[in-house]
Amino acid sequence: SLNIENANTGQKIPATMHGVILETNVNRDDDGGLYAELIYNRAFQENNRSLDGWSTFGQGSINLNISQPLTSALPAQLRYSLITNSTSVSGIRNSGYYGINLQAQNYTASFFYRSLPGVYVPGGKLNVGFSDSTGQIIYGISTLDISKAPINIWFYYSFDIIVFSAAPSTKNFFFIEFPLGSKGEFEFNLISCFPPTYKNRPNGARFDLAQTFADLKPGFIRLPGGNDLEGPSIPERFIWNNTVGHLENRPGRRGTWAGYNTEGFGLIELITFAEDIGAVPILAVYAGYSLDGKAVPQDQLQPYIDEVVKELDFLTASANDNRMGALRKQLGRSEPFDIRYVEIGNEDWLGAAINTYDYRWTTFYNVLSKRYPNITFIATTAKTINSPPAVDDHFYQVPLFFIENFRRYENVPRSGPRVLIGEFAVINDDDSQITNPFGPGRLVYPSIKSAIAESVYRIGFERNSDIIIGGCYAPILQNIDNTQWTPSFIVFNTSSVIKSTSYLAQKMFGENLGNLILYSAATNNTITHQSVEKGQEGDGKLGNLYFIATKRTNDNTLIVKLVNVDPTDILINAQIQGSTTSSTGVAYILTAGSGVDPSTVQNTMLNPNAASITEQSVSARNGTWSITVPSWSVVVVTLTL
Ligand code: AHR
């Protein structure tokens, strides 16, 4: 049986408890992922400057040109040349990031265009639109009058393309077409096209992926990076001021994991996205170390600290009396952003980073903590530094590790740092690989077993709400067409979004977050666990069942999370002490099903709904209710108290 004390006192649970991370490059999670831009290599930056993704149709040829660039940030443009008057409609086309998924909706296209002397375009009009892979079927088209474009001067065009019905395939092209008889040299840069975005933000997020984030009800979002914060080298780090302002002034940089970062989804877009999905941003700032193993020497750190001060001023200062705040206003956002957490660096316990983190943390922290007293600064490790206010733990492991570490945060001193678990995931379902989880057996997709072990660990976070800021699975996104890391939370391609078992488990936790821990204790005939090891939450474990009882006080809801890692079902008879309440609630259940090996159940591209959350009603009579917690399952019971 499970005894629950209904009280209005007890440990408070922070709203940040279950969050997400956006790494801005791994698995093409940003460009080609969450960033809704459809045009691949829109400014010819991929592969060290190239025309990747671009081709011609009809007649003419393309090459890269660097004379009279659009801006110094985008120094190369596509030149389309028709040497003699074309005898067929001709032009250029782009295949998108691994295809273009066309739906019946409005698309917003734009580009910069320059005519070279001597051009001739009959009627002065171009057609811009979408076709199928053969170019024969046109799904949407817009006619653009370029007759007024002055020779030799860059000219900006923005226009809509209406697609009236969805295309059956995603192997489509975006094209710019010149009429028959055209001749001359024509240049383009920053050729862009967006579908409708999440919350209709211009230059915004891909709707289905953004909604998938939002559905988790994430308490926080850690960004940017992971490793993409550090970048492949010091000059290729995340430089915030290169990611704001007009797109033609954003140079981008080589991605840490994949291709080129356009940084179209830059600092403002990232933090605005956090606001749009209701998540507190946990901002990572560059701390003088990059992935080529080079660290900025101590006596040369000042410019990097100045860079972060400007970044934080830009985000948080008043637009009236601060130069950076005024710049933010000029870029369209007058109100400061609410930045409560800033992490200094990323994984400075890895590689050569650890040798220098002591002076890097100390130098950054001393300046930043004085200037921003309301921000909690998070260290990436406490191994070499003294008592930071908070520390970020990362674990990629096997299920057994997370189950065995259920009490990990009960054993950390309360006088020490608060804890963010900024990256964790089961990456290997084979428990015998606990000392080598990155070795044989690496998962491609999370399984029910992984999701269950992560849920045990997550209950441990909630139980330790006095020091835990929150935790997030990593990495969150995986473009199946350009993958560097598996498993991931959300797997996608141009048209589909797969919610993994790990995603579903966290969704149950995020949607059902209490704000207060209730004391609870479970007993059966043979085992009694009523000892209170810490605080008022009770033991949280009965054999292979892990649990927590919490309360959401604003609507007086009891939320009980139960995770069964046993191969048998467990019947729970629960009693809310002193309660005479009778109500009907819902149990949300994620399980492999009786007798099924939980490692074999995975939501994949081929079988996206192998596991799903089912619902069952739960009735309380005079404060008692019962539920069978299936073998290998995560169950969340919600009941009005
Ligand atoms: O999430 C994948 C990577 O794992 C992150 O970029 C890095 O911080 C960690 O090593």
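Two strands are said to pair if DSSP finds at least two bridges between them; helices (H or I, at least four residues) and strands (E, at least two) are DSSP runs, numbered from the N terminus. The model is predicted: local features need pLDDT of at least 70, side-chain atom pairs count only at pLDDT 80 or more, and totals for chains, interfaces and linings use all residues. Residues are numbered from 1 along each chain as its sequence is written.

Select residues 541-542, strand β28, together with β29. The two strands run antiparallel and are joined by two bridges, with lysine 541 opposite tyrosine 546 in β29. They form a hairpin with two residues between them, and glycine 543 in the turn has a positive phi of about 60 degrees.

Extend the selection along β29, residues 545-552. Seven of its eight residues are buried (20 or more other C-beta atoms within 10 Å of the residue's own, with C-beta atoms placed from the backbone). On β25, residues 516-518, three antiparallel bridges lead to β29, and leucine 518 faces alanine 549.

Next, add β30, residues 557-564, which is antiparallel to β29 and joined to it by eight bridges. Arginine 552 stands opposite threonine 557. Four residues separate β29 and β30 in their hairpin, where asparagine 556 in the turn has a positive phi of about 55 degrees.

Finally, move to helix α2, residues 207-215, and colour its buried residues Leu209, Ala210, Thr212 and Phe213. These lie on the same side of α2 because they cover an arc of only 155 degrees around the axis, taken from the directions from the helix axis to the C-beta atoms. Just after α2, lysine 217 takes a positive phi of about 50 degrees.

How values were computed: Buried ≥ 20, exposed ≤ 12 C-beta atoms within 10 Å, placed from the backbone.
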